[in-house]
Each structure stands twice: as C-alpha cells, then as structure tokens.
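User: Hey, I'm new to this one and could use a hand finding my way around. Can I throw some quick questions at you?
Analyst: Sure, here it is.
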Amino acid sequence: MDSFLQRVIVEPFNRFLDRVLQFLPDLLSSILIFIAGILLGLLLKNLFLRIFSAIKMDKFSQKYGLAEILQKSGIKEPLSVILSRFIGWLTIISFSILSLHSLNVPAVEGILEKFILYLPNVFVAAVILFLGYLLSNFFGRAALIASVNAGIKISGLIGRSVKLTIFLLAVTMALEQLGIGKGTIVIAFAIIFGGIVLALAIAFGLGGKDAAKEYLEKKIKGEEKRDDIKHL
Amino acid sequence: MASTVIGNEIQKWIDEIKEADILVGIPSYNNARTIGHVVRAVQAGLAKYFPERKSVLVNSDGGSTDGTTEIVQNTTIEDFQSILLHHRVEPAFKIATSYHGIPGKGSAFKTIFEIADALNVKACAVVDSDLRSITPEWIELLIKPVIEGEFDYVAPFYHRHKYDGTITNSIIYPLTRALYGKRVRQPIGGDFGFSGKLAKFYLTKDVWETDVARYGIDIWMTTTAIANNFKICQSFLGAKIHDPKDPAADLSAMLYQVVESAFDLMEIYSEVWKKTKGSEPVPTFGFQYAVGLEPVQVNLDRMIDKFRLGIKELMGIWKEFLSAQITDFLCKAEGLPKQEFYLPDEVWVDIICSFALAAHKKTINKEHLLKSITPLYIGRTASFVLETWDSTASDVEEKIEQLCKIFEDKKSQLSEKWE
C-alpha cells in the first residue's frame, strides 16, 4: 500500500514540485523583466516627453499642419505625448515578450516566435493605414479647395474621389503587408481603379462630347465674356 | 549681409560703376510688349529730373522667353532733343540680369536691393514692367522725396478704375491702415521709391524663401517700412494702367501669397499694431488731377456662381473658425438672386478678422485656410460691383473709406482675441 501511495501520489508530486522549483527562478526572472519593462517604459516615456518639449516638437507639428491632421483624425493629444507614449508602450511590449521568452516553455516559445515574426507586418500595416488616412484627408481637402477655386461644379465629388482613392491605396498596401489575399487585392484595386478611369473616359467621350467641345473651344478661342478685373 | 545673388558679370558692372546716386529697378517676366516703354520712361525721367546724378537702371528678369531682356538692352532714347530741351550727354548705366532663387517678383527685388547696396546708392525706385501709363514724371515723384525730402519710403498713389486693385481695396489697404495707423492708399501698388538705407535694411531680413519672394513683396516692403518707423510718404502718379499680372498665376495663388504675407507680418509686428490706435494720413506729393480710365468688363454671374459653389462645398471647413452668425449669413446670401446679392462691410471685416485669427491660432493648415478665402473674396467683389455699379470714383472712394473705418472699429476685438 505504502509503495503504491509512494508511486501514485508522492513521486508525481515530488516530480511536480521539482519542476515547479525548476520553473520558479524562470518565473521570477520573467516577472522581474516584466516589472523592469514597465518601469523602463514609464521612464522612457517621461524622458522623451521632456526631450520632445525641449526641441519644441509640438510647435513644429503645428507649423507643418501635422497637429491639425491628427486633430482631424480624432486624436486630441499633441504629437509629443503620442510619440513618447508610443515609445513607452514599445518598451513595455518588448520587455513583455522577453519575459515570456525567459519562461522557457516550448509551446509559448513557438507561439511567440510566430507572433514576433508577424508583429513587424502588423506594425507596418498600421502605420500605412494611419498615414493613408491622414494623407487622404489632407489631399482630399486640397483637391476640394483647388477645384472650387477653379469653379468646377463637381468639386465635392473630386475631393471625395481623391480622398477615397488615397485611402483605398493605403488599405491595399496594408493588406498586402499583412499577406492577406496578396495578389487578389492588388488585382482588385487595379481593376476598380482602372474601371473608374475607363468609365470616366467613356462617359466624357460619349456623354460629354459637347461639354468637351465647348471646353476646348473656350480654351482655344477664349471665353465670350471674361473679367478684366485686375485684383492686385 | 553677404551677397548671394550677384553673379560675376554683374560684379564686373558694379566694379566699373563703383558708386551711384540713383538706382531704378524693373523686375520683369515675359513683358516684351510693355517693357520698352517703361525703360524709355525711366531713361527720360532720369535725364530730365536728375541730370547731375549718377544713375543706374537695373532689369531683374525671371527668365523671360519672349525677348524681354533683349528689348531692355536695345532700348535707348535716340533723340533726347525731341523730349527734353536740355539733357545730359551721359545716359544712365544699364544692367540687365536674371535673378536667382524662388521665381517671383520678390526674388527680382532682392537682386535689385543687392545691387543698390553694392553701389551704395542714395535713392532707389522700382517700377513694374507691365505699366502702360508710366511717364518720366513717375521717376521724379518716386525719387525726389527721398533725395530732397529725406523720406525713406515713397508709396505710389494712383487713380485706378473702381474695379481695379480689388485685393487692395477690400483687404490690404483697410487692414494695413487699421493695423499700422498709416493711410498708405496703395500699399501693394508695385511702384515704390525708397532710400539706400531702407534697401540695406530690407536685406537684413531673412524672408526670401517665403511668399515675400513672390507676390508678397509689396505688402512686406510697405509694412516693414511703417512698422520700423521709417519716414513714409506717397506720391500721386496719375493713372495706373497695366497689363494683367502673369496670366499663369491664378487668382487663388495671388490672393494666398498676398494675404499670407500680410498675416505673417501681423505675427512679426503684433506688438506694433496692438499699440497703434486709429490712423493718420501720410504726406502726399504730386499734383492731383482727374484721369480717364479704361473700362473694366465684369462677369457678375460667374463671380456669384463661384461664391455659391464655395458656400456649398467649403462651409465644412469655414465652420471650424467662422462664427455661427457669419456662416448663417453666408448661407442666406447663397440663396439671394443676383440683383439682391449683398455681402455687407461688417460681415466682410468679421470674415477677414476670423481668417487672421485662424491663421494665428493655426486652426487648420495655413495653405488650405487661405486658399479657401477665394470664393468669399469673389463674393465680396461681386457685392461691391453691384453696390457701386452707378457710383462715381469719389463715391467709391467714400465707400472704401467706410470699410476702413469698420476695420479700425473692429481692431480692438481682433486684438483681444489674438492671444
């Protein structure tokens, strides 16, 4: 009976205890790395916030319209706060991965390896999407204002088309980066974009031939009645 | 300041001339049609009014392809006797050069300032190369106040058609007058006289990579002279008749460059304009007379259409910085029939002040902000045309005077909201 109990309960328990005791230092070091990561992340966040304030990054971002673009995207914080927070989080995430790695658990290591290898793609895709969104807003508005000033009746459509095209391009690039439907998405984008251009060409050629004729005549012969106002 | 634009060829000319009393600069870009007349008028003016002075004529060209520089080189008054009873034997020195830097009038002026500085001239004048109404008397009127009256800056004062110079009349003159307190009627007239001392002062400013290098130069010169307490006057030059500005430059870009320069100057000289109260006339020289002016054709339908298009498409942008009162008014104005179309002075002044504040507070990207002003400016011009269709020149001047007073009255509000 004793030998049975020894084999069934005590020995497995001892083995488990041995493993736990073997694992404990790894767990402890993992927790320490994680805590160190959090502390370093907070420290770097504050340090970079001070550096960015010292070099007047927010004034720079305001001057070049980046602050306004961020505001348009629903981000209220100044650029210096966003960047320093990003650096802080990057440090914490990096240390978290290190701490998981230090556990020496094969299954976790396998998942981590795949995750780490894929992570840059997610990061690049997110950056592409974010920049695409900002650029689409900026150029959409620039196109809208320019076409209104040129007196083009379909200015709103032009502005929205520019915005949508740039954002679609960014989405395509981001999905390409993530490896989702690689060839399909590029081809789909090319077909949609090419289709729009072809449709416009046909519409202008057939439906708008009179408008085209009138436009060319105006360009060549000059408009019938024009302003002589000299603004300056 | 080190010379950055004077090339070897020009340096040779400067070494040869050494020093001069008067310099007249003519910026140009594809002005073959009119520049010959301008050069002759300048030569005659120098010979007639400053025969004892050593004078230099500088053409600063932006790379014309229509033979502008060749015309400048080859234009001389063959028979001075037909113009003057007494003339000097030595004609003015002539330098024709291409400027460097950003293409634009301001870069052309910088080259002229550099040469004036190198020659240590006492007085300078700059005249536009597209002028058709310039006479030799313009040179006397722009130079003499500097040489004999010890003025540093001579602004032009012309009689212009009531619909000529609408950016000046509706924005730049009232705004500059209200801000800096000097009634310089044509602050962006394009033809100025100034002392050698002021030319040197201009060169100390690092603005040549901004819109000052383009159409912003005129307002920059005037404001810099006023805000830095240089002695200012204006000279009556008669009628200003000129070819349209560079046809490639669209209204929106022109308006943007001028307004941006004026708003940038508000930032630089905020302490000056905040302290200034009211406005005062500046000494005016020249015998004033009525002149006949060429009629100006106006396409009101097209102007109002552009205003309406702006209201329809750009209201979303304007709502970020215009008050609800203004946007409501603009929406109502959009629906008005042509003959009732009206944008009152008070609303217009509020609009300009709101744009100035939005530019100061960087509410949205500056280029987008200032380019979006174009439909409103066109609407204001259309309203002004409708209001003054049957008005005489003096009635129109009275109307502009009223606008200036509203700008002056509303300046305190602008000043309060500035910080």
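User: Is B:Tyr269 buried or exposed?
Analyst: B:Tyr269 is partly exposed, because 18 other C-beta atoms lie within 10 Å. Buried takes 20 or more other C-beta atoms within 10 Å of a residue's own, exposed is 12 or fewer, and partly exposed is in between, with C-beta atoms placed from the backbone. Keep in mind that this is a predicted model: local features need pLDDT of at least 70, side-chain atom pairs count only at pLDDT 80 or more, and totals for chains, interfaces and linings use all residues. Residues are numbered from 1 along each chain as its sequence is written, while chains are lettered from A and ligands numbered from 1 in the order in which they are written.

User: Where is B:Tyr269 found?
Analyst: In the loop of chain B between helix H9 (251–268) and helix H10 (270–275). Helices (H or I, at least four residues) and strands (E, at least two) are DSSP runs, numbered from the N terminus.

User: And what is B:Tyr269 in contact with, leaving aside neighbours within four places in sequence?
Analyst: B:Thr223 and B:Ala227. In contact means that the C-beta atoms of two residues, placed from the backbone, lie within 7 Å.

User: Switching topic: how many residues of chain B are in contact with chain A?
Analyst: 30 residues of chain B, and they meet 21 residues of chain A. H11(B) gives the most to that side of chain B, with six residues.

User: OK, now the sheet. What order do its eight strands have?
Analyst: The order is E3-E2-E1-E4-E7-E5-E8-E10 in chain B, an open sheet with mixed pairing. Strands pair if DSSP finds at least two bridges between them. The edge strands are E3 (93–98) and E10 (284–285) of chain B, each pairing on one side only.

User: How many bridges join E1(B) to E2(B)?
Analyst: Seven, and the two strands run parallel. B:Ser28 stands opposite B:Asp61 in E2(B).

User: Which helix lies across E1 and E2 of chain B?
Analyst: That's H2(B), running at about 175° to E1(B). Axes are lines fitted to C-alpha atoms, for helices over the stretch in contact, and angles run from 0 to 180 degrees between N-to-C directions.

User: Which residues of H2(B) are buried?
Analyst: Among them are B:Ile35, B:Val38, B:Gln43 and B:Leu46. What covers the buried residues of H2(B) includes strands E1 (22–28) and E2 (55–61), plus helices H3 (68–74) and H5 (136–147), of chain B.
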